[in-house]
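User: Could you take a close look at one helix pair for me and walk me through how the two pack? Cut-offs too, please.

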Amino acid sequence: MASFKPTKVLLYPKLGEKVTQDTLYWKNYKAPVQIKEFGAITNIDFSPVAPHNFAVTAFTRIHIYGPFSQEPVKTFTKFKDTAYCGRFRSDGQLLVAGCEDSVVRLFDIGGKVALRMFKGHTKAVHVADFTSDRYQILTGSDDYTCRLWDLANAAELNTYQEHTDYIRCGVTSKLNRDLFITGSYDHTLKLFDARVNKSVMTMDHGQPVESVLLYPSEGLLVSAGGRYVKVWDLLKGGQPLVSLKNHHKTVTCLCLSSNGQRLLSGSLDRHVKVYSTTNFKVVHNFDYAASILSLALAPDDESIVVGMTNGILSLKHRKNPEESKELSGQQRRRPSYRVFVKGKNYVPKQDDYLVSKPVKQHLEKYDKQLKKFNVSKALDTALESWTRLKKPEITVAVVKELDRRGTLKNALAGRDEPGLSRILNFLVGNLVDPRFAPVLVPAAEMILDIYKSVIGQSPVVDRQLLRLQELLEKEIDYQQNLLEVLGMLDTMFASSIPRKEVPCSAISRSNGLAQGEARPQLQAT
């Protein structure tokens, strides 16, 4: 008796995302480490000097974390109300932060008490940053003003009151100490020059501005507000270059990769989008459990840190190639591996007697039923919930095998209401899939032939048959529209191709005769 051949399940092409270099690069992170903070995390800032600690601003405190620590190495708690925008100076020695009580505080990383307190704003200060010369501080507040402060004596140098709503974001130039940019809820971005005591450029974002970002060359400016991320060319007077609308909720934070070739945006829709800075197309996407308020990348993209509204800080560290190689090598050197391959390459000699051990055949559940000729049970096994939802190609393979054996009609007949409903549900979900249609369309026709006499007796089955009818009608309409479009395209392509005439030197175009050849005369009968 011939041995039983298991059902061959075809490997269909996956309909998921394409695997690109960006996919491999941005998926090369370990499982996230989650740290619970005391409130919503409004700002994350990495220190520019090694070991690149990062400051996390949440509720009434600022925590300083090491690159791989899960506990804060430093904590600043001298805030009477909610703290905002904790940022490092370029030498990593000082940190400045705003507060809901309108006071700006300056801290030494090695100490605990505030070195300076800058008082002058009348409402919450959401923007605080150092200028490039390290001796001045920019602040922006809900009192519609932005101010420059002298670091040494905590004196106010200048006040700018050109916005007409809350100032919630700002950035200073790293190349020129006199230039800085602010974004406001009045939908505008303003470029200020401290040498002329007023703004020199205004751009209309069209939505309340939540975050701004300068490129390293400072020729381009990125703004986020509403569902839009917009890029502006500062060298052309603030001309808009591109407007991106890939989020479906407010975009709250922006970040650049270490090489400046990728732009990241976080949103309240719980997604982080990664854009290519050459064509501004989305090349990757991260999903998180809650709305995102802050985002930062470590130098060389070694880790990505995200702060959320529920107070969860998510850290993803990049995998170390050497560690992964060592781990894979250890897995290959396990004793079980040597046991399984022992004797596989042994070749018997000429005088040896070879005693072969029968290999036990491991069959799936549906193959075991097919081996016993239980065709109905085999189909039921292939229609189990996990199989038909996660691996529909297995169910299709069993249907195809039953059709090949000529027993598909017997497997489909004699079904009760739940069994028939399960089959129809699978057909509704997969009938128009071009991978499965050649197998499932004959099965659907067979079901209609078998159960046409009982239509109208079960409301559940009738509803599914109506859904199947609507699905087929829509698919037919789609196919007809596609054929019409294909015909239009064929006509356009045919008319755009120039016609080439074939030269005929020896044949007359008028009568088809060669030159000099006489026309034959008809003889009268």
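Analyst: Sure, here's the pair: helix α7 (residues 392-405) packs against helix α10 (residues 437-451) at an angle of about 60°, and their axes lie 10 Å apart. This is a predicted model, where local features need pLDDT of at least 70 and side-chain atom pairs count only at pLDDT 80 or more, while totals for chains, interfaces and linings use all residues. Residues are numbered from 1 along each chain as its sequence is written, and side-chain values use heavy atoms, with hydrogens and water left out.

On terms, helices are DSSP runs of H or I with at least four residues, numbered from the N terminus. The axes are lines fitted to C-alpha atoms over the stretch in contact, with angles running from 0 to 180 degrees between N-to-C directions.

That angle makes α7 oblique to α10 (under 35 degrees would be roughly parallel, over 145 roughly antiparallel, 65 to 115 roughly perpendicular, and the rest is oblique). As for handedness, α7 passes α10 in a left-handed crossing, that is, the near helix is turned anticlockwise from the far one by less than a right angle.

Who's touching whom? From α7 it's Val396, Val399 and Lys400, and from α10 it's Val439, Leu440 and Ala443, with contact meaning heavy atoms within 4.5 Å. Sorted by class, the contact of α7 with α10 has 5 nonpolar, no polar and 1 charged residues (Ala, Val, Leu, Ile, Met, Phe, Trp, Tyr, Cys and Pro count as nonpolar, Asp, Glu, Lys and Arg as charged, and the others, Gly among them, as polar).

Technical notes. Helices (H or I, at least four residues) and strands (E, at least two) are DSSP runs, numbered from the N terminus.
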